[in-house]
Amino acid sequence: MAFISIFAALSYVAFAFLQFKIWLPGGDATSIHFGNAVCVLASLLMDGVTGGLAGAVGMTVGDLFDPVYVIYAPKTFLCKLCMGLVTGFTAHKVLHINEVKDKKKLLKYAAVSTAAGLGFNVIFDPLLGFFYKMVILGTPMAQISLVWNVGATSINAVISVIAASLIYVKLKPYFEHHGFGNIAVK
C-alpha cells in the first residue's frame with residue numbers, strides 16, 4: 001500500500017504539474033505530461049498491478065481536480081490501470097527483468113516493457129476517449145479531438161519510454177541495495 005500511495009502521489013504530481021495542456025475547440029483539451037512515465041516506472045520497479053493502480057489512482061485524482069478532465073476520470077482509471085498491467089506483465093512475466101544484471105540489457109528490457117504498456121495506451125486511450133466523447137460531446141467534437149489525442153498520446157509515449165527506462169536503470173540498484181529488490185518477485 002505504501003508503494004502504491006507514493007507512486008500515486010508522484011503520478012498525480014507528474015500529471016497535474018508537469019503538463020503542457022493543448023486546448024481544443026469546444027473547451028476540450030489534451031496534454032503532454034509525465035504521469036504515464038511514473039505509472040510504467042512503478043510497474044517496472046514493483047509489478048503491473050501495483051504500478052497500474054498507482055498510475056490509475058494518481059492520474060484519476062488529477063482528472064477529478066481539473067474541471068476540463070473531470071468527466072474523463074473513469075476512462076483514465078481504466079486506461080492507466082491496463083497500461084501498468086501490460087508493462088508489468090511484459091517486464092516481469094515475459095522478460096524476467098528482475099533477473100537481468102547487465103545494464104545495457106536492463107535498459108533494453110525496460111524500454112521494451114514500457115513501450116508495450118505505452119503502445120497499449122497509444123491505441124486504447126484515444127479510441128476509448130473517442131467513443132466516450134461521442135456520447136458526451138457529440139460526433140464532430142470527438143472526431144476533432146481524436147487526431148489531437150493520438151498525437152499527444154504518442155508524444156507522451158516516446159517521452160515516457162525514454163524517461164522511465166533511464167530512471168529505472170538508475171533506481172534498480174538502489175532498490176536492491178536497500179532490500180526492495182524482490183518486490184516484484186512473488
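## Exercises on helix packing, cysteines and a loop residue

The axes of helix α2 (residues 35-45) and helix α5 (residues 103-136) cross at roughly 130 degrees and come within 10 Å of each other. This is a predicted model, where local features need pLDDT of at least 70, side-chain atom pairs count only at pLDDT 80 or more, and totals for chains, interfaces and linings use all residues. Residues are numbered from 1 along each chain as its sequence is written, and side-chain values use heavy atoms, leaving out hydrogens and water.

**Exercise 1.** Work out how α2 is oriented to α5, and which residues make the contact.

*Solution.* Start with the angle: roughly 130 degrees. Angles under 35 degrees count as roughly parallel, over 145 as roughly antiparallel, 65 to 115 as roughly perpendicular, and the rest as oblique. So α2 is oblique to α5. Next comes the handedness, and this crossing is right-handed. Now look for contacts (heavy atoms within 4.5 Å): α2 brings Asn36, Val40 and Leu44, while α5 brings Ala110, Ser113, Thr114, Leu118 and Asn121. Sorted by class, that gives four nonpolar, four polar and no charged residues.

**Exercise 2.** Do the same for helix α1 (residues 2-16) and helix α3 (residues 48-64).

*Solution.* Their axes are 7 Å apart and the packing angle is about 45 degrees. That makes α1 oblique to α3. The crossing is right-handed here too, with α1 passing α3. On the α1 side you'll find Phe3, Ile4, Phe7, Ala8, Ser11, Tyr12 and Phe15. Among their partners in α3 are Leu53, Val57, Met59 and Asp63. The class tally for this contact is eleven nonpolar, five polar and one charged.

**Exercise 3.** Find out how many disulfides the structure holds, and check Cys79 and Cys82.

*Solution.* Begin with the idea: a disulfide is a covalent bond between the sulfur atoms of two cysteines. The test used is a pair of cysteine sulfur atoms within 2.5 Å. The count comes out at zero. For Cys79, the nearest cysteine sulfur is that of Cys82, 6.9 Å away. Cys82 is in no disulfide either. Then check accessibility, where buried means under 20% relative accessible area, exposed over 50%, and partly exposed in between (1.4 Å probe, protein chains only). Cys79 is buried at 4%, whereas Cys82 counts as partly exposed at 23%.

**Exercise 4.** Describe the backbone and surroundings of His96.

*Solution.* First, the backbone: His96 has a positive phi of about 50 degrees, although it is not a glycine. Second, the place: His96 lies in the loop between α4 (73-94) and α5. Third, the accessibility: with a relative accessible area of 37%, His96 is partly exposed.

Definitions and conventions:
Axes are lines fitted to C-alpha atoms, for helices over the stretch in contact, and angles run from 0 to 180 degrees between N-to-C directions. Helices (H or I, at least four residues) and strands (E, at least two) are DSSP runs, numbered from the N terminus. A crossing is left-handed if the near helix is turned anticlockwise from the far one by less than a right angle, and right-handed if clockwise. Ala, Val, Leu, Ile, Met, Phe, Trp, Tyr, Cys and Pro count as nonpolar, Asp, Glu, Lys and Arg as charged, and the others, Gly among them, as polar.
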